[in-house]
Amino acid sequence: MQTLRPVGDARGNDVRRRVAELAAQAMKPDEAIAVLDAVRAVNPSDISVLRRKAEIQKGREDLEGARKSLEEALEIAPQDDELLADLG
């Protein structure tokens, strides 16, 4: 897979999110995570990217990676009840 460059506009990031979802559905979690990381590079405060990354990581049994992603999201949104619940 080629290196993904960050896209600087919201529409481009929406497209990248869709690509990440398609990759996840196609059982290509590494590609999905790479796309989500590219989206996050442009919008580091978007906790939905980190939440989805954690879901994919959990699905591939990378529980430590999932925890780290959720903890990064909590640094951005420390009062987010859903994130707190996801961390258990």
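## Exercises on a five-helix model

The protein has five helices and zero strands, where helices (H or I, at least four residues) and strands (E, at least two) are DSSP runs numbered from the N terminus. This is a predicted model: local features need pLDDT of at least 70, side-chain atom pairs count only at pLDDT 80 or more, and totals for chains, interfaces and linings use all residues. Residues are numbered from 1 along each chain as its sequence is written, and side-chain values use heavy atoms, with hydrogens and water left out.

**Exercise 1. Describe the overall make-up of the protein.**

Step 1. Read along the sequence. The pattern is α-α-α-α-α.

Step 2. Check burial. Of the 88 residues, 36% count as buried. Buried means under 20% relative accessible area, exposed over 50%, and partly exposed in between (1.4 Å probe, protein chains only).

Step 3. Check the surface. The protein exposes about 5,600 Å², by the Shrake-Rupley method with a 1.4 Å probe. Carbon and sulfur atoms supply 49% of that area.

Step 4. Check the contacts (heavy atoms within 4.5 Å). Among those with a separation of 6 or more, 43% join residues 24 or more positions apart.

**Exercise 2. Test the length of helix α3 against the expected span.**

Step 1. Take the 13 residues of α3, residues 47-59.

Step 2. Apply the rule: 1.5 Å times one less than the number of residues. The expected span is 18 Å.

Step 3. Compare. The end C-alpha atoms of α3 are 18 Å apart, which agrees.

**Exercise 3. Place Gln57 and list its contacts.**

Step 1. Gln57 lies in helix α3. The buried residues of α3 include Ile47, Leu50, Ile56 and Gln57.

Step 2. Gln57 counts as buried because its relative accessible area is 7%.

Step 3. Set aside neighbours within four places in sequence. Gln57 then contacts Ile33, Asp62, Gly65, Ala66 and Ser69.

Step 4. Turn to α4. Gly65, Ala66 and Ser69 are among its buried residues. The buried residues of α4 pack against α3 and α5 (81-87).

**Exercise 4. Which residue just after α3 takes a positive phi, and is that residue buried or exposed?**

Step 1. Just after α3, Glu61 takes a positive phi of about 65 degrees. Glu61 is not a glycine.

Step 2. Recall the background. Most residues other than glycine have a negative phi.

Step 3. Locate the residue. Glu61 sits in the loop between α3 and α4 (63-76).

Step 4. Glu61 is exposed, with a relative accessible area of 68%.
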